[in-house]
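Reader: Please take me slowly through one small part of this model, and then through what is found around other parts of it. I would like each term explained as it comes up.

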Amino acid sequence: MKPATLAWALIAGVLFGFGLSLSTMIRPEVVLSFLRLTDFGLLLVLGGAVLVTLLAYQLAPRLLARPLFGSSWGRHPSAMDARTIGGAAIFGMGWGLCGVCPGPAIAGLGAGNWPLLVALAGIFAGAWVQGRFFGR
Amino acid sequence: MEQFFPNGVAHYLAGGLIIGAAVSLLFVTTGLIGGMSTVFSSTWSYVSKLPFFQQERFTGSRVWRLAYAAGLLLGGLAWLGWSASGAWQTGVSWWQLALGGFLVGFGARLSNGCTSGHGICGLASLQLPSLLAVLTFLATAIVTAQLVIRLGGA
């Protein structure tokens with residue numbers, strides 16, 4: 001892996017973590033207040049992020065032959081099948097129970113929210129069980 | 001407005017635009033798709049000999065995914081230093097974090113995407129399966145969160 005790739009992944013990660021923190025999505029209570037329909041801010045965060053990313057994903061491959069420091073344009077692998085939908089249903093149950101999802105769990109830990117270590121341990125365990133018993 | 005956004009809208013919009021800028025920056029510079037949940041499978045490839053975790057899609061991406069995750073940690077830390085609001089700990093109970101986290105990890109990996117993978121990258125790629133995944137997890141999350149209040153959870 002090229003050093004430039006790692007450097008850009010790190011830099012993009014810092015920006016991502018800062019944005020998650022600024023938007024208060026690293027607070028499970030704020031996510032839960034959206035899921036309980038008392039504060040719709042999460043939709044603004046998601047909408048803003050999708051809008052910017054939509055422009056980049058749709059325009060960059062048309063304007064540039066290849067990424068600035070890479071060789072080819074990636075694509076999000078997404079399949080129309082029972083695993084995608086069933087997995088999303090289970091993911092949502094967990095998200096609704098704890099108000100934590102993968103990005104905010106990591107960024108929140110960086111911001112000193114130590115109890116998120118418990119959630120991170122749970123996520124790692126869940127990912128292992130998925131790979132061990134349901135992986136393909 | 002006040003009714004739907006009792007805590008204001010500016011920090012939500014600014015944070016969302018910054019998150020979008022981050023995922024866009026990763027794409028424009030490297031061509032990589034910046035979903036977050038795969039790191040929880042690819043990191044297992046360092047310690048597990050199971051054939052599933054030793055697939056090239058995990059072993060070939062585990063290094064940049066860890067760098068990306070390390071950036072997230074640093075971004076949280078940078079915000080902590082910048083905001084001067086002080087570290088803050090969640091009051092959600094440990095069993096909710098543990099069980100909820102387990103289901104989040106299992107479900108996101110089975111679905112091959114989470115709030116960032118399907119929610120941001122999938123929607124921005126105009127992928128119909130990701131849209132259905134997002135609508136599905138929003139629905140089950142809202143139902144679950146409502147049930148938890150009724151059962152007296154945090």
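**A loop residue and its wider setting**

Author: Leu37(A) sits in the loop that runs between α2 (28-35) and α3 of chain A, where helices (runs of H or I in DSSP, at least four residues) and strands (runs of E, at least two) are numbered from the N terminus. This is a predicted model, in which local features need pLDDT of at least 70 and side-chain atom pairs count only at pLDDT 80 or more, whereas totals for chains, interfaces and linings use all residues. Residues are numbered from 1 along each chain as its sequence is written, chains are lettered from A and ligands numbered from 1 in the order in which they are written, and side-chain values use heavy atoms, with hydrogens and water left out.

Most residues other than glycine have a negative phi. Leu37(A), which is not a glycine, has a positive phi near 65°. Leu37(A) counts as partly exposed because its relative accessibility is 42%, given that buried means under 20% relative accessible area, exposed over 50%, and partly exposed in between (1.4 Å probe, protein chains only).

Chain B offers a parallel in Asn112(B), again not a glycine, whose phi is positive at about 60°. Asn112(B) belongs to the loop between α5 and α6 of chain B, and with 23% relative accessibility Asn112(B) is partly exposed. Beyond that loop comes α6 of chain B, residues 117-124, with 8 of its 8 residues buried. Its cover includes α3 (41-63) and α4 (82-98) from chain A, along with α1 (10-30), α5 (94-111) and α7 (128-150) from chain B. After α6(B) comes Leu126(B), whose phi is positive too, near 55°.

Another loop of chain A, the one between α3 and α4, holds Trp73(A). Contact means heavy atoms within 4.5 Å; setting aside neighbours within four places in sequence, Trp73(A) is in contact with residues of both chains, among them Leu64(A), Pro67(A), Phe27(B) and Gly31(B). A polar atom of the Trp73(A) side chain lies 3.5 Å from the backbone oxygen of Leu64(A).

Inside the model, the largest nonpolar core has 70 residues, and those with the most contacts within it are Phe16(A), Trp95(A) and Tyr68(B). The largest share of this core, 8 residues, comes from α3(A). Such a core is a set of buried Ala, Val, Leu, Ile, Met, Phe, Trp, Tyr and Cys residues joined through side-chain atoms within 4.5 Å. Tyr68(B), leaving out residues up to four places away in sequence, touches residues including Ala9(A), Phe16(A), Val23(B) and Met36(B).

On the surface, Met1(A), Tyr46(B), Val47(B), Val63(B) and Leu66(B) form a nonpolar patch with about 460 Å² of accessible area together, an area obtained by the Shrake-Rupley method with a 1.4 Å probe. Met1(A) lies in the segment before α1 (3-22) of chain A and is exposed, with a relative accessible area of 53%.

Chain B as a whole has 7 helices and 0 strands, and buried residues make up 53% of its 154 residues. Chain B exposes about 6,300 Å², of which carbon and sulfur atoms supply 72%.

Methods
Polar contact = N/O pair within 3.5 Å; in protein donor to acceptor, adjacent residues only side chain to side chain. Patch = residues over 30% accessible without salt bridge, like charges linked within 9 Å, V, L, I, M, F, W, Y side chains within 5 Å. Salt bridge = Lys/Arg side-chain N within 4 Å of Asp/Glu carboxyl O.
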